[in-house]
Amino acid sequence: MDSIGVGIVGTGYAAKVRAETFHGDRRSHLVAMAGRNLEKTQELVAPYGAIALTDWHALVTHPSVDLVVIATINRDHGTIARAALEAHKHVVLEYPLALTVAEAESLLELAASKQRLLHVEHIELLSGIHGAIAQSLPEIGTPFYVRYTDLTAKRPAPDRWSYHNDLFGFPFVGALSRIHRLTNLFGSVAHVSCESRFWGDGLPGQAFTTCIASAQLKFTNGLIADVVYGKGEALWSDERVLLIHGEQGAIQIAGEVGTLILADQERSLDLGSRRGLFAKDTAMVLDALTLGQPLYVTPQESLYALRVAEAIRCASETGRVVSVD
Ligand code: NAP
Ligand code: BLA
């Protein structure tokens with residue numbers, strides 16, 4: 001079988017790791033990368049003998065590109081994915097698939113009609129943290145309450161796309177993994193509520209200096225989850241905690257430390273490393289394309305997490321409880 005030609009849109013952290021991994025796997029080779037700055041992109045592709053482009057349209061229609069990887073700002077994911085599928089390419093997206101459910105749904109339909117792979121990466125599911133939780137869950141009995149807090153104190157607020165609502169999306173849309181971890185573990189959500197606040201004006205085209213969003217999710221199985229996401233300069237200390245209370249015990253992940261708490265004992269959980277997850281995802285994409293092996297996540301599951309995130313955004317805008325259909 002011929003080596004798969006890969007084109008990557010974006011030149012940031014995710015794009016760089018992807019480029020290295022596709023280049024290092026004999027089943028694929030890097031054809032092109034697209035970034036806004038030609039010189040920077042040329043420098044990046046030089047070790048791989050690939051082409052540097054400033055126009056992603058040229059990348060997604062390039063005849064030697066079989067697979068397009070979309071690793072650029074969230075606002076552009078849907079538009080680029082549509083163009084790539086129209087050009088009959090396979091598509092890998094760094095989450096989220098799109099900023100709205102309507103756009104995401106229509107991309108799923110397009111991928112099906114073109115019979116192309118549409119994979120939305122959710123590296124958090126490949127992490128040691130997720131593995132340790134999934135493995136310990138049966139030990140704590142029926143889970144009934146989850147608290148998931150992810151706060152990053154950052155002073156001064158960075159001048160980055162991820163501090164723009166129109167480029168990143170509503171906090172739980174851009175940071176979709178916070179929702180997806182929970183839907184993956186606990187299933188469907190009945191309804192949600194949310195309060196959020198932004199510092200800086202956060203108007204279209206304007207950055208915020210801090211965001212905080214606090215959502216409550218009621219799962220169909222009765223579980224209640226409080227999920228908090230925030231970042232920026234109005235926050236004064238980091239907090240990364242995932243706590244699951246069950247009828248027989250609890251699972252606690254605090255920073256890099258995991259603990260299983262049971263009535264008669266406490267055990268520490270091996271959480272592995274956060275590194276190497278994009279490489280793992282990349283290898284699985286190549287397994288799917290060359291051997292037809294199933295991936296670890298479906299775009300339908302990603303779409304469902306997005307549906308919950310969109311309901312949370314709607315709840316935040318209206319101050320109402322919103323059902324997830
Ligand atoms: P990053 O390092 O900040 O890179 C973002 C890239 O987007 C930049 O290199 C830039 O490339 C491009 N870009 C296009 N328009 C831009 C604009 N107006 N402002 C700033 N950059 C712009 O981000 P990243 O962490 O790689 O994230 C890329 C995607 O991966 C995002 O969708 C993110 O949600 C997803 N993701 C990332 C991680 C992670 O661990 N980092 C994990 C899961 C998912 P040019 O300047 O060359 O155009
Ligand atoms: C997720 N990390 C993300 C996302 C962005 C970044 C934009 C997607 C949006 C979100 O879920 O919030 C960006 N992450 C960064 C940056 C750093 C970082 C700029 O750690 C700077 C150090 N990502 C990395 C690095 C690692 C990493 C270096 O850039 C690990 C060593 C891991 N990022 C990582 C993981 C996720 C993520 C595992 C999935 C989110 C989760 O943990 O649930």
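Visitor: What makes the pairing between Ala 14 and an oxygen atom of ligand 1 a polar contact?
Guide: The ligand oxygen is 2.9 Å from a polar backbone atom of Ala 14. A polar contact is a pair of N or O atoms within 3.5 Å; within protein, one must be able to donate a hydrogen and the other to accept it, and residues adjacent in sequence count only if both atoms are side-chain atoms. The Ala 14 distance is within the limit, so the pair counts. The protein covers 80% of the 880 Å² of accessible area that ligand 1 has on its own (Shrake-Rupley method, 1.4 Å probe; for residues, only the protein chains shown count as cover).

Visitor: What kind of model is this, and how are its parts counted?
Guide: The model is predicted: local features need pLDDT of at least 70, side-chain atom pairs need pLDDT 80 or more, and totals for chains, interfaces and linings use all residues. Residues are numbered from 1 along each chain as written, chains are lettered from A and ligands numbered from 1 in written order, and side-chain values use heavy atoms, without hydrogens or water.

Visitor: Which side chains make polar pairs with oxygen atoms of ligand 1?
Guide: Thr 11 does, at 2.5 Å. Trp 161 does too, at 2.8 Å.

Visitor: How many residues surround ligand 1, and what puts a residue in that shell?
Guide: The shell holds 19 residues. A residue qualifies if one of its heavy atoms lies within 4 Å of the molecule. The closest are Thr 11, Arg 36, Asn 74, Arg 160 and Trp 161.

Visitor: How is the shell around ligand 1 split by class?
Guide: Eight residues are nonpolar, six polar and five charged. Ala, Val, Leu, Ile, Met, Phe, Trp, Tyr, Cys and Pro count as nonpolar; Asp, Glu, Lys and Arg as charged; the others, Gly among them, as polar.

Visitor: What surrounds ligand 2?
Guide: Its shell has 14 residues, the closest being Tyr 13, Tyr 95, Ser 177, Arg 178 and Arg 274. By class, six are nonpolar, two polar and six charged. Helix 9 (residues 177-186) gives the most, with three residues.

Visitor: Which polar side-chain atoms pair with ligand 2?
Guide: One in Tyr 95 lies 2.6 Å from a ligand oxygen. Arg 178 has an N or O atom 2.7 Å from an oxygen of the ligand. Arg 274 has one 3.3 Å from a ligand nitrogen. Alone, ligand 2 exposes 780 Å², and the protein buries 68% of that.

Visitor: How do you know that the length of helix 1 fits its residue count?
Guide: Helices (H or I, at least four residues) and strands (E, at least two) are DSSP runs, numbered from the N terminus. The expected span is 1.5 Å times one less than the number of residues. For the 12 residues of helix 1 (13-24) that gives 16 Å; the end C-alpha atoms are 17 Å apart, which agrees.

Visitor: Why is Arg 27 called buried or exposed?
Guide: Buried means under 20% relative accessible area, exposed over 50%, and partly exposed in between (1.4 Å probe, protein chains only). Arg 27 has 19%, so it is buried. Arg 27 sits in the loop between helix 1 and strand 2. Its side chain makes a polar contact with that of Asp 287, at 2.6 Å.

Visitor: What is Thr 282 in helix 10 called by accessibility, and which residues does it touch?
Guide: Its relative accessibility is 1%, so Thr 282 counts as buried. Beyond four places in sequence, Thr 282 touches Arg 18, Thr 21 and Phe 22 (contact means heavy atoms within 4.5 Å). Those three are among the buried residues of helix 1. A polar atom of the Thr 282 side chain also lies 2.7 Å from the backbone oxygen of Phe 278.

Visitor: Why do His 88 and Gln 115 get their accessibility labels?
Guide: His 88 has 43%, so it is partly exposed. Gln 115 has 66%, so it is exposed. Phi of His 88 is positive, near 65°. Gln 115 has a positive phi too, about 55°, although it is not a glycine.

Visitor: Which peptide bonds to Pro 96 and Pro 156 are at issue, and what is omega?
Guide: The bond from Tyr 95 to Pro 96 is cis, with omega near 0°. From Arg 155 to Pro 156 the bond is cis, with omega near -5°.
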